[in-house]
Every structure is written in C-alpha cells, then in structure tokens.
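The questions below concern how the descriptions of a protein model are reached. Each answer sets a value against the definition behind the word in use.

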Amino acid sequence: MPDNLKNEFDFFIRSHTKFSRKNYCGETENPESKYVFDILSRHVKPLKKEKLSVLDVGSKNWAYVRGEYDFFKSYCTFLRLDGVEIDAYRLYSNLYSRYEVAKFYIKNLDGVSYYADNLLNIKREYDYIIWLLPFVTIYPHKKWGLPKKFFMPEKLLEHAYGILREEMFIINQGEEEAEIQQELLEKLKLPYRCEGEIKAGSSLFKTPRYGFIVRKH
Ligand SMILES: C[S@@+](CC[C@H](N)C(=O)[O-])C[C@H]1O[C@@H](n2cnc3c(N)ncnc32)[C@H](O)[C@@H]1O
C-alpha cells in the first residue's frame, strides 16, 4: 500500500475508534520535564501576572508537561496550560494511546488540559506558545504516521501567530530544519529572534536543537 494511503487509513481508524487500554501509570519524574524546564528558564522571560495562558503545540503524550507547568506557574497565580495534539490516539506497543498517557501526566495539575485536535481548530488566544519540534519537512511527518493532507507548516505557523498575544518559543531539530524554520518565519514576515543552539544542563538528545523566539508586535 502506498505510504500516504496507509497513513490516511490508519489515522482514520485510530482517530475514530479512539481505542486504548485505560488508566496508564508511569514514572512521574520525567527527564524530558527537567529538560523543558531548563530550556524555558534560559530562553523565556515572562513578566509576572495574575493570569497566564500557555499553549503547547504537538504535545504527543505530553510527558514533559510538568516542566512547562512548573516554569509558567512561577510567573502567575492562575495558569491555563493547554496542549494540542492532532494524533492523540496513536497507540504505543503496550496499547496505551498518547491521550491516555497524557491523562496520567496532567493528573493533579490545576488548569491543564490536553486536546486531541488540530492546531488549526484552536481559536482562543494565548500569552505564550511553546512549539517543540514542529514538522517542517514532509519526511518525519510521514514517518510519524500522519496523512500528507496535514502537512502545512506555513499555514500552521501563521495560525499560531494569529492566536499569540506575547511570545512563541519554537525549537527545531538539526540545522536543516532550523534553516527551513527561519525561511518560514521570513516568508511570513514574523518578528523573530534566533536563539541559536539550545543547550541544557543535561543533554538528552544527540541531534543539536535550535530555537527561535517569535514576538507579537
Ligand atoms: C516531532 S513531534 C514533537 C512532539 C513533542 N512536542 C516533543 O517535543 O516530544 C511533532 C508533533 O506534532 C503533532 N502535530 C503535527 N501537526 C499538528 C497539528 N496540525 N496540530 C496539532 N499537532 C500536530 C504530531 O502529531 C507530533 O506529535
């Protein structure tokens, strides 16, 4: 079966059946959370406010949510932290879906919600948007099992900017993806700053990562 037809078919089945084992239970201490807390502390400097709203785009199973939560919570009294993931019902080999795993990670975190949805359907505005590893080339998008029709990096970036109030932090994997990301930012004429290579206290990943801060006018 051609790749895209397979992805279309599988995506349709999983997003309609929403099949998963229930009540996933894993490790609460997650190294990805520490990494995310660390990189946010180095690159994002929110002003203290009573209320902050934050969106994480492409949250996968949101294993790193605690890092975002602890970081932004230290700048406000009331935090609304939303995660959006288009392929929330993708199954792991243990037959838990990303959605079910995410439910475990957001348990007991006040004001945190995970949406099984397309970013394009998110209409409310957010003070901060965190976008870790967007697909900017078709190859990883396909490899992750997504149908081709959802590959629209420019439209997604434009939409994210449209619902942004203050700052968006984007991280890309590898130089090539970072260059493509920069071209997209240029093409859309968005005001951005290159953060260069993103370093963290503990290096979890082999491929270097690069960051951009996009600011709302
Ligand atoms: C490379 S993964 C990054 C996952 C996670 N942010 C991380 O750092 O581990 C990109 C994620 O974006 C999701 N995604 C792609 N297009 C999306 C869209 N239009 N709306 C929401 N999520 C999307 C994919 O399904 C995938 O889980």
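The following turns treat the whole chain, then one pair of helices, single loop residues and the ligand shell.

Q: What kind of model is this, and how many helices and strands does the protein have?
A: The model is predicted. The protein has 7 helices and 7 strands, and from the N terminus on they run α-α-β-α-β-α-β-β-α-α-β-α-β-β.

Q: Why is the protein called as compact as a globular protein of its length?
A: Its radius of gyration is 17 Å, and the globule rule gives 17 Å for 217 residues. The two values are close, so the protein is as compact as a globular protein of that length. Its C-alpha atoms fill a box of roughly 50 × 40 × 35 Å along the principal axes.

Q: What share of the residues of the protein counts as buried?
A: A residue is buried if 20 or more other C-beta atoms lie within 10 Å of its own. Of the 217 residues, 35% count as buried.

Q: What makes helix 3 largely enclosed by the rest of the structure?
A: Of the 9 residues of helix 3, 7 are buried, so the helix is largely enclosed. These are V65, R66, G67, E68, Y69, F71 and F72. The buried residues of helix 3 pack against helix 2, strand 1 (49–57), strand 2 (76–85), helix 4 (98–106), strand 3 (112–116) and strand 4 (126–132).

Q: How is the packing of helix 2 and helix 3 described?
A: Two packed helices are described by the angle between their axes and the distance between the axes. Helix 2 (residues 31–43) and helix 3 (residues 65–73) pack at an angle of about 40 degrees, and their axes are 6 Å apart. The crossing of helix 2 past helix 3 is right-handed.

Q: Which residues of helix 2 and helix 3 meet?
A: From helix 2, S33, K34, Y35, V36, F37, L40 and S41 take part, and they meet R66, G67, E68, D70 and F71 in helix 3. By class, the residues of this contact divide into 5 nonpolar, 3 polar and 4 charged.

Q: Why does L204 count as exposed?
A: A residue is exposed if 12 or fewer other C-beta atoms lie within 10 Å of its own. L204 has 11 such neighbours, so L204 counts as exposed. L204 lies in the loop between strand 6 (192–197) and strand 7 (209–215). Leaving aside residues up to four places away in sequence, L204 touches P31, E32 and Y35.

Q: Is L95 buried or exposed, and what is its phi?
A: L95 has 11 C-beta neighbours inside 10 Å and therefore counts as exposed. Its phi is positive, about 70 degrees, although L95 is not a glycine. L95 is found in the loop between strand 2 and helix 4.

Q: Why is L133 called partly exposed?
A: The term applies in between the limits, where 20 or more neighbours make a residue buried and 12 or fewer make it exposed. L133 has 16 C-beta neighbours inside 10 Å, so L133 counts as partly exposed. Phi of L133 is near 65 degrees, a positive value in a residue other than glycine. The loop between strand 4 and helix 5 (138–143) holds L133.

Q: Which residues come nearest to the ligand?
A: Of the 17 residues around the ligand, G58, I86, L119, L132 and L133 come nearest. The shell has 11 nonpolar, 3 polar and 3 charged residues.

Methods
Residues numbered from 1 in each chain as written. Predicted model: local features only at pLDDT ≥ 70, side-chain atom pairs only at ≥ 80, totals over all residues. Axes fitted to C-alpha atoms, helices over the stretch in contact; angles between N-to-C directions. Helix = DSSP H or I, 4+ residues; strand = E, 2+ residues; numbered from the N terminus. Left-handed = near helix turned anticlockwise from the far one by under 90°. Contact = placed C-beta atoms within 7 Å. Nonpolar A, V, L, I, M, F, W, Y, C, P; charged D, E, K, R; others polar. Near = placed C-beta within 6 Å. Rg over C-alpha atoms; globule rule 2.2 N^0.38 Å.
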